[in-house]
Amino acid sequence: MDAQTQIELEAAAFRRLRQHLMQDRTDVQNIDMMNLAGFCRNCLSRWYQEAANERGIDMTKDEGREAFYGMTMDEWKANYQTDASSAQQSEFKQAFAENVTGKS
């Protein structure tokens with residue numbers, strides 16, 4: 001497989017992942033994704049922003065989130081986010097430390 005085809009396939013897989021998370025499974029909460037998988041929609045939007053910044057494209061955290069979510073975070077939260085239980089919040093602290101800050 002040539003490099004361009006690989007890039008196109010990877011981009012298609014990313015778009016399908018985004019569709020799955022943003023349209024097909026809006027019921028799955030970010031906190032549950034983070035607790036189970038060590039990443040969530042916010043991580044994906046941050047990685048998108050970081051990739052843009054690495055290529056000299058000026059993009060803020062909020063702009064990265066809006067590009068990934070297809071809406072503002074306030075809109076996402078109002079439409080799809082539910083309150084996290086104390087158990088979810090406790091698990092999240094550990095998952096965030098392990099996967100985002102690298103401080104387990």
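In which helix is arginine 65 found? Keep that question in mind while we walk through this model, which is predicted.

Let's begin with the whole chain. The protein chain has six helices and zero strands, so if you read it from the N terminus on, the elements run α-α-α-α-α-α. Taken along the principal axes, the C-alpha atoms fill a box of roughly 50 × 30 × 30 Å. Of the 104 residues, 28% count as buried. You can also ask how the chain meets itself: among contacts between residues at least 6 apart in sequence, 50% join residues at least 24 apart.

Now look at helix H1, which covers residues 3–24. H1 has 22 residues and reaches 30 Å from its first C-alpha to its last, close to the 32 Å expected at 1.5 Å a residue. At the N-terminal end of H1 you will find a cap, made by aspartate 2. A side-chain oxygen of aspartate 2 lies 3.1 Å from the backbone nitrogen of glutamine 4.

From here, let's go inside. In soluble globular proteins, nonpolar side chains tend to be buried together. In this model, the largest nonpolar core has 13 residues. The members that touch the most other members are Leu21, Met22, Met34, Cys40, Phe68, Tyr69 and Trp76. Five helices give two or more residues each to this core: H1, helix H2 (30–37), H3, helix H4 (61–69) and helix H5 (73–80). Try picking out cysteine 40 on the structure. Leaving aside its neighbours within four places in sequence, cysteine 40 is in contact with Asn30, Met33 and Met34.

Next comes a charged residue, arginine 41, in helix H3 (residues 41–54). Is arginine 41 buried or exposed? Arginine 41 is buried, yet it has no salt bridge. The nearest side chain of opposite charge belongs to aspartate 27, and it is 6.4 Å away. A salt bridge needs a side-chain nitrogen within 4 Å of a carboxyl oxygen, so a distance of 6.4 Å does not qualify. What does the side chain of arginine 41 reach instead? One of its polar atoms lies 2.9 Å from the backbone oxygen of leucine 21. The side chain of arginine 41 also reaches the backbone oxygen of valine 28, again at 2.9 Å. Beyond its neighbours within four places in sequence, arginine 41 is in contact with several residues, including Met22, Arg25, Phe68, Tyr69 and Trp76. Of these, Met22, Phe68, Tyr69 and Trp76 also appear among the core members named earlier.

How many salt bridges does the structure hold? There are three. In one of them, arginine 16 pairs with aspartate 24, the closest N and O atoms being 3.1 Å apart. Both partners are partly exposed: arginine 16 has a relative accessible area of 42%, and aspartate 24 has 36%. Another salt bridge joins the side chains of aspartate 27 and arginine 25, at 2.8 Å from N to O. Here, too, the partners are partly exposed, with aspartate 27 at 49% relative accessibility and arginine 25 at 35%. You have met aspartate 27 before, as the owner of the side chain of opposite charge nearest to arginine 41.

The remaining salt bridge is between the side chains of arginine 46 and glutamate 50, at 3.3 Å from N to O. These two are four residues apart in helix H3, which means that about one helical turn separates them. Arginine 46 is partly exposed, with a relative accessible area of 28%, and glutamate 50 counts as partly exposed at 35%. Follow H3 along to glutamate 54, and you come to an exposed residue, at 65% relative accessibility. Glutamate 54 is 42 residues from alanine 12 in sequence, and their C-alpha atoms are 21 Å apart in space.

Finally, back to the opening question: arginine 65 is found in helix H4. Arginine 65 counts as buried because its relative accessibility is 17%, under the 20% limit. Leaving aside its neighbours within four places in sequence, arginine 65 is in contact with Asn42, Ser45, Gly70, Met71 and Met73. Arginine 65 and methionine 22 are 43 residues apart in sequence, and 12 Å apart in space from C-alpha to C-alpha.

Note on methods:
Residues numbered from 1 in each chain as written. Predicted model: local features only at pLDDT ≥ 70, side-chain atom pairs only at ≥ 80, totals over all residues. Heavy atoms only, no water. Buried < 20%, exposed > 50% of the residue type's maximum accessible area, 1.4 Å probe, protein only. Lys, Arg positive; Asp, Glu negative; His and termini not counted. Polar contact = N/O pair within 3.5 Å; in protein donor to acceptor, adjacent residues only side chain to side chain. Contact = heavy atoms within 4.5 Å. Core = buried A, V, L, I, M, F, W, Y, C linked by side-chain atoms within 4.5 Å. Expected span 1.5 Å × (residues − 1).
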